[in-house]
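Work through the exercises below with the sequence and the model open beside you. Each task is followed by a solution that goes step by step.

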Amino acid sequence: MLDSRESRKSTVIVSQIPVKEWYDLFKDCTYADACLDRVLCKAYRLEFKGESLRN
């Protein structure tokens, strides 16, 4: 899905897991590298810090 949208459409991906911890989600680091390369290439990253506003 992401490949078909590359350079054509915007895609927003939201995660509560910091990018540096995404490697823990994959059994093989090769898969993590491939996924992160596709997701983070030409990406704008916003990281918000602070207390949750859900309380």
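**Exercise 1.** Place K42 relative to the helices, and state which sign its phi angle has.

Solution. Begin with the position: K42 is found in the segment after helix 2, where helices (H or I, at least four residues) and strands (E, at least two) are DSSP runs numbered from the N terminus. Next, take the backbone: phi of K42 is near 60 degrees, a positive value in a residue other than glycine. Finally, consider accessibility: K42 is exposed because its relative accessible area is 68%, given that buried means under 20%, exposed over 50%, and partly exposed in between (1.4 Å probe, protein chains only).

Two remarks apply to every exercise. This is a predicted model, in which local features need pLDDT of at least 70 and side-chain atom pairs count only at pLDDT 80 or more, while totals for chains, interfaces and linings use all residues. Residues are numbered from 1 along each chain as its sequence is written, and side-chain values use heavy atoms, with hydrogens and water left out.

**Exercise 2.** Describe the chain as a whole: how many helices and strands are there, and what is its radius of gyration?

Solution. The protein chain has 2 helices and 0 strands. Its radius of gyration, taken over C-alpha atoms, is 13 Å, whereas a compact globule of 55 residues would have one near 10 Å, by the rule of 2.2 Å times the number of residues to the power 0.38. Along its principal axes, the C-alpha trace spans about 40 × 30 × 15 Å. Turning to the surface, buried residues make up 7% of the 55 residues, and the chain exposes about 5,800 Å², of which carbon and sulfur atoms supply 53%, as computed by the Shrake-Rupley method with a 1.4 Å probe, only the protein chains shown counting as cover for residues.

**Exercise 3.** Find the salt bridge that R45 forms, and state how accessible its two residues are.

Solution. In general, side chains of opposite charge can pair when their charged atoms come close. The rule asks for a side-chain nitrogen of Lys or Arg within 4 Å of a carboxyl oxygen of Asp or Glu, and by it the count comes to 1 salt bridge. The partner of R45 is E47, with the closest N and O atoms 2.3 Å apart. R45 is partly exposed because its relative accessible area is 46%, while E47, at 55%, counts as exposed.

**Exercise 4.** Characterise the largest pocket: what is its volume, and which residues lie nearest its centre?

Solution. On a 1 Å grid over the protein atoms alone, a pocket is an open set of points with protein on both sides within 12 Å along at least five of seven lines, and lining residues have an atom within 4 Å of a point. The volume of the largest pocket is about 1,200 Å³. Its lining has 29 residues, of which V12, I13, V14, Y44 and R45 lie nearest the centre. By class, the lining divides into 15 nonpolar, 5 polar and 9 charged residues. Helix 2 gives the most to this lining, with 4 residues.

**Exercise 5.** Compare separation along the chain with separation in space for I13 and R45, for V39 and E6, and for S52 and L36.

Solution. I13, in the loop between helix 1 and helix 2, is 32 residues from R45 in sequence and 9.8 Å from it, C-alpha to C-alpha. V39 lies in helix 2, and its C-alpha atom is separated by 9.7 Å from that of E6, 33 residues apart along the chain. S52 and L36 are 16 residues apart in sequence, yet 26 Å apart in space, C-alpha to C-alpha.

Methods
1 Å grid on protein atoms, 1.4 Å probe; cavity = no way out; pocket = protein on both sides within 12 Å on 5 of 7 lines; lining within 4 Å. Points joined across faces, edges and corners; volume = space filled by probe spheres on them. Nonpolar A, V, L, I, M, F, W, Y, C, P; charged D, E, K, R; others polar.
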